[in-house]
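User: I am new to this structure and would like a close look at a single part of it. Please take one helix and explain what surrounds it and how far the model can be trusted around it.

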Amino acid sequence: MDDAAGDDVVLEILPSIRAYRSGRVELLLPTVFVPASLDPDTGVASKDVTINPSTGLSARVYLPPSSSFAGVRNLPVLVFYHGGGFCSGSAFSSPYHSYVNRLAAAAGILAVSADYRLAPEHPLPAAYDDSLEVLQWVAGGGLESADLDKIFVSGDSSCANIAHNVVLRLGQNNSVVEGLILLHPHFWGKEKIGSGVILKAKDADALWPFVCPGTTGLDDQRINPTAAGAPSLAALGCRRVLVAVAGRDLLNEDEGEWVGRRSRVLGDRRGRPRLLPPQLREREINFIHGAIGEVSDREELDL
């Protein structure tokens, strides 16, 4: 391959990533890393742990303020997967550290943020495998003071997709966690059923085969869980599900289809998506503690 051909751009999703025929990849959004620490504002203590030395898999663990332990032997635990289109981001980045830190403090829970391997250097299913391994580490007693009957799995965007696939694997192995929280999940398919300003259809079409070169296509059940032949959503290994959908996200309609299918599985004959209101953190906290109230059929979350 000559130098000129190697400089051909084969994928460009602005403002996030640009990939060249030579295999060179540019991540266009800088990642600001922050160390684990004791946060003076929230009282949350964080520490980094190695889960699998052979793959470099690690995670950041968050312990809420000691007041959260008062009179409580074990705490619920949230296993969180960061977003980034399967190919960027980190559990150790400033935005995700801040998010998980504050959620652990507000909810009074233990949290584990997985730093899984990224595509394209490590194509899918590497991230799925790593994310499941972190969850298994937690379920196997990796954390002290964790209530293993109250494990929640959560992710945003592409990593809500990861959370979905991890919990589906759990169900196929006859294992169950308490809850699944999907924040603006990245689902897609051949049939285009929406438009948006956050992600363009051509970019969504191009991203999936780039991060998962072994895919069968856009109706691969991992990216399109409602495709023909995909496992029933009744197979999810969780007792409860909370889904948040961004109103201007291109993936909105595919997310809504997932919710509609899930609600029908659970016996909701309306089968319509429910979009959560802006008080998302409060919804998450209430969901974790089993106190979430009723929401209207479709409450718009305008982002």
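Analyst: A good place to begin is Ala107, which lies in helix H2, because this residue leads directly to the helix I would like to examine, H7. The model is predicted, and within it Ala107 has a relative accessibility of 7%, which is why it counts as buried, the cut-off being under 20%. Leaving aside residues up to four places away in sequence, Ala107 touches Ile285 and His289. The C-alpha atoms of Ala107 and Glu284 are separated by 8.5 Å, although the two residues are 177 places apart along the chain.

Helix H7 itself covers residues 280–288, and its buried residues are Leu280, Arg283, Glu284, Ile285, Phe287 and Ile288. In an α-helix there are 3.6 residues a turn, so residues three or four places apart point the same way. The buried residues of H7 pack against helix H2 (94–107) and also against four strands, namely E6 (75–81), E8 (146–156), E9 (177–183) and E10 (238–244). After H7 comes Gly290, which has a positive phi, near 75 degrees.

As for confidence, the chain has a mean pLDDT of 84, with 79% of its residues at 70 or more. Over residues 262–278, however, the pLDDT is below 50, and the model gives this stretch 43 contacts beyond near neighbours in sequence. Residues 293–303 likewise stay under 50, with 31 contacts beyond four places in sequence. Where pLDDT is low, the predicted coordinates should not be read in detail.

Conventions. Residues are numbered from 1 along each chain as its sequence is written. This is a predicted model: local features need pLDDT of at least 70, side-chain atom pairs count only at pLDDT 80 or more; totals for chains, interfaces and linings use all residues. Side-chain values use heavy atoms; hydrogens and water are left out. Buried means under 20% relative accessible area, exposed over 50%, partly exposed in between (1.4 Å probe, protein chains only). Helices (H or I, at least four residues) and strands (E, at least two) are DSSP runs, numbered from the N terminus. Contact means heavy atoms within 4.5 Å. pLDDT is the predictor's confidence in each residue, from 0 to 100.
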